[in-house]
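New page in the notebook. I want to get my bearings in a structure I haven't looked at before, so here are my lookups in the order I made them.

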Amino acid sequence: MVDPGTKADTSTRAAMLSGAEGRFSRAVPPAPDGQARDHWIERARALTNGPGEYLALDDGDGGGLRVVPLTREWTRVGRSLAADVRFDDPTVSRRHALLVRQADGVRVLDDRSLNGVFVNGERVDWRIVRDGDEIIVGRYRLTFLVVAPAPAAAWSAHQGTER
C-alpha cells in the first residue's frame with residue numbers, strides 16, 4: 001500500500017495523467033508567420049458584416065476560414081451539440097470555453113476544460129481579449145476581432161456620392 005503523500009503515489013498519478021493527455025491531445029498547427037497572419041486576419045475582416053465583435057477560425061476540416069459574430073452575452077465554445085462554436089474533436093471539451101460580452105469588454109473563460117484555454121500562448125482561467133488576440137481551444141486557433149464602425153466623415157462622403 002502506498003501512502004497518498006509519497007513520491008511513488010505522485011509519480012503514478014502523473015504517469016496516468018500524462019498517458020491520458022497523450023491519448024487525447026493533438027498538436028496545435030504552427031502559427032503562421034507575421035505576414036501570413038496579417039493577410040489571414042485581413043481576409044477574416046472582409047467576411048464580417050458590419051461593426052461588432054467576431055471570432056475568426058480555420059476549422060481545419062476543409063471548411064476554410066469561418067467568421068462567427070458574437071451577438072449574444074454568452075458564446076459557448078466546445079464539443080457539445082449546445083455549443084455556439086462547435087468542434088467535433090477529442091482535444092476540445094464538451095464545455096471548453098465561454099466568451100462573455102460585458103460593458104468593459106469581452107472575456108474568455110475556461111469552462112473547466114481538460115486541455116485548457118490559451119490566449120496569445122499563455123494558459124488562462126479568464127482574460128479580457130483585445131482585437132487580434134489568439135485564443136487556442138484544443139488544437140484550434142481562434143482570433144478575436146473587433147470591427148469598428150466606419151468614421152462619420154467617410155459615411156457622409158459616401159452618402160454624398162449616391163445622390
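Entry one. I started with a loop: Arg112 is found between strand 6 and strand 7. Worth remembering as I go is that this is a predicted model. I checked the backbone there, and Arg112 has a positive phi of about 60 degrees although it is not a glycine. That caught my eye because most residues other than glycine have a negative phi. Is Arg112 buried or exposed? I looked that up too: Arg112 is exposed, with a relative accessible area of 67%.

Entry two. I found another residue of this kind, Asn120, which has a positive phi of about 50 degrees and is not a glycine either. Asn120 sits in the loop between strand 7 and strand 8 (122-124). I noted Asn120 as partly exposed, at a relative accessible area of 47%.

Entry three. Next I turned to the inside. The largest nonpolar core has 21 residues, and the members touching the most others are Leu55, Val77, Phe87, Leu99, Val108, Ile135 and Leu142. Which elements give two or more residues to this core? My list reads strand 1 (52-58), strand 5 (97-102), strand 6 (105-110), strand 7 (117-119), strand 10 (134-137) and strand 11 (140-147). Strand 11 gives the most, with 3 residues.

Entry four. I picked Ile135 for a closer look. Leaving out residues up to four places away in sequence, Ile135 touches Leu55, Leu99, Val108, Val117, Phe118, Val119, Val129, Tyr140, Arg141, Leu142 and Phe144.

Entry five. I also came across a second, separate core of 9 residues, with Trp40, Ile41, Leu65 and Val67 among them.

Notes
Residues are numbered from 1 along each chain as its sequence is written. This is a predicted model: local features need pLDDT of at least 70, side-chain atom pairs count only at pLDDT 80 or more; totals for chains, interfaces and linings use all residues. Side-chain values use heavy atoms; hydrogens and water are left out. A nonpolar core is a set of buried Ala, Val, Leu, Ile, Met, Phe, Trp, Tyr and Cys residues joined through side-chain atoms within 4.5 Å. Buried means under 20% relative accessible area, exposed over 50%, partly exposed in between (1.4 Å probe, protein chains only). Helices (H or I, at least four residues) and strands (E, at least two) are DSSP runs, numbered from the N terminus. Contact means heavy atoms within 4.5 Å.
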